[in-house]
Amino acid sequence: MLLGSIEAGGTKFVCAVGNTNYQVQDSIRIPTTTPDETLGKVVEYFKQFDELGAISVASFGPIEIRHSSDKYGYITNTPKPGWQDTNFVGVLKQYFNIPIYWTTDVNGSAYGEYVLETLFNKPVHSLVYYTIGTGVGAGCVIDGKFVGDAGHPEMGHIKLKRHPEDINFDGICPFHGDCLEGLVSGPTFDARLGKPGKDVPLSDPTWDIMAYYVAQAAMDATAMFRPAEIVFGGGVVSEPFLDKVRKQFNELLNGYLEVGDLNDYIRMPLAKNNGSATLGNFALALKAATE
Ligand code: ZN
């Protein structure tokens, strides 16, 4: 049996086919243009494989995940032009008579890290995954299941205590201004400093301000879920940046809870080359095919 993975992003789709050991057998990148064109190419790609047992989709959102909704399987009110109200799962169902698993991009990554850690490292029962890139999203896996019933979590939009050196920055979230995404997503570098984050050295105090906010997010996730680990992925995150986060997190936590070695508790993804979501999709597809 083969397993299909679709990592649907705002700029590109990564489609992959893997075996039941989660090894990639083939993959393709498809630019995100219009739903008709992009989903057409996705269908064309997977049609080549006769032995597909299931496909798992980890999509940009917001998406509808409630099975009771008429819009289950849709990308809903996304700001991405042309993609509002797109019946993603419906299109796949037209062409493939196999289980289609449907979740958010960040849930796919969270699941991939959960599986990797459990299979190859040490068993964990719960894990929180944040991605900090163009936007900020998070997913939470507890005992192999995702948190979220009415919808998927929106932990990128939590409210934070502002850094005293940053109070004049309004934040860039179109809905909330200075939520987590509005304060630490990649484009905040352009908004604060007029240049992209990759051109800002780690010695710049902006990184400490960012770490102050990300540490609060980690503190909140710790207090709410008490997960085994918190993983940070996405273009903004690097190991030296996470060191700053760990330091501030430690101050915030103030010895209140036991979280183990901070280098293990707050970490980068184990999957190389942004592969967390593909691996997570393979595992979710296998689950969908065999349940
Ligand atoms: Zn927001």
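A salt bridge here is a side-chain nitrogen of Lys or Arg within 4 Å of a carboxyl oxygen of Asp or Glu. The model in these exercises is predicted.

**Exercise 1. Decide whether lysine 71 and aspartate 85 form a salt bridge, and say what the pair ties together.**

Step 1. Take the closest N and O atoms. They are 3.3 Å apart.
Step 2. Apply the cut-off of 4 Å. Lysine 71 and aspartate 85 form a salt bridge.
Step 3. Place the residues. Lysine 71 lies in the loop between β4 and β5 (74–75), and aspartate 85 in the loop between β5 and β6 (86–87). The two are 14 residues apart in sequence, so the pair ties those parts together.
Step 4. Check the accessibility. Lysine 71 has 34% relative accessibility, so it counts as partly exposed. Aspartate 85, with a relative accessible area of 47%, is partly exposed.

**Exercise 2. Work out where arginine 267 and glutamate 117 lie, and whether each is buried or exposed.**

Step 1. Start with the contact. Their side chains meet in a salt bridge at 3.7 Å, N to O.
Step 2. Place them. Arginine 267 is in strand β12 (residues 266–267), and glutamate 117 is in helix α3. The pair ties together parts that are 150 residues apart in sequence.
Step 3. Use the cut-off: buried means under 20% relative accessible area. Arginine 267 has 7% relative accessibility, so it is buried. Glutamate 117 has a relative accessible area of 2%, so it is buried.

**Exercise 3. Locate arginine 192 and aspartate 166, then name the salt-bridge network.**

Step 1. In the salt bridge of arginine 192 with aspartate 166, the closest N and O atoms are 3.0 Å apart.
Step 2. Arginine 192 sits in helix α5 (residues 187–193). Aspartate 166 sits in the loop between β10 (145–146) and α4 (180–184). The pair links distant parts of the chain, 26 residues apart.
Step 3. Both arginine 192 and aspartate 166 are buried.
Step 4. Now look for shared partners. Glu113, Glu117, Lys122, Glu229 and Arg267 are joined into one network by salt bridges that share partners.
Step 5. Count by the 4 Å rule. The total is 14 salt bridges.

**Exercise 4. Describe the open sheet and the helices that pack on it.**

Step 1. Read the strand order. It is β3-β2-β1-β4-β7, with 5 strands and mixed pairing.
Step 2. Find the edges. They are β3 (24–31) and β7 (100–104), and each pairs on one side only.
Step 3. Note the twist. From one strand to the next it averages 15°.
Step 4. Look at one pair. Strands β1 (residues 2–8) and β4 (residues 52–59) run parallel and are joined by 7 bridges. Leucine 3 has alanine 54 in β4 as its bridge partner.
Step 5. Add the helices. Helix α2 (residues 88–95) touches β1, β2 (12–18), β4 and β7. The direction of α2 makes about 165° with that of β7. Helix α3 (residues 105–120) touches β4 and β7, and its direction makes about 100° with that of β7.

**Exercise 5. Identify the donors of the zinc ion and the geometry of its site.**

Step 1. List the donors. They are His157 (ND1), Cys173 (SG), His176 (ND1) and Cys179 (SG), at 2.1 to 2.3 Å.
Step 2. Read their spacing in sequence. It is H-x15-C-x2-H-x2-C.
Step 3. Test the angles. Four donors count as tetrahedral if all angles lie between 85 and 135 degrees. The angles among the 4 donor atoms are 103 to 122°, and the site is tetrahedral.
Step 4. Compare two donors. Histidine 176 is partly exposed at 43% relative accessibility, whereas cysteine 179 is buried, with a relative accessible area of 1%.

Terms used
Residues are numbered from 1 along each chain as its sequence is written. This is a predicted model: local features need pLDDT of at least 70, side-chain atom pairs count only at pLDDT 80 or more; totals for chains, interfaces and linings use all residues. Side-chain values use heavy atoms; hydrogens and water are left out. Two strands pair if DSSP finds at least two bridges between them. Helices (H or I, at least four residues) and strands (E, at least two) are DSSP runs, numbered from the N terminus. Axes are lines fitted to C-alpha atoms, for helices over the stretch in contact, and angles run from 0 to 180 degrees between N-to-C directions. Contact means heavy atoms within 4.5 Å. Donors are N, O and S atoms within 2.8 Å of the metal (3.2 Å for Na, K and Ca); water is not among the atoms, so sites may look incomplete. Four donors count as tetrahedral if all angles lie between 85 and 135 degrees; four count as square planar and six as octahedral if opposite donors are over 155 degrees apart and all others between 65 and 115; anything else is irregular. Buried means under 20% relative accessible area, exposed over 50%, partly exposed in between (1.4 Å probe, protein chains only).
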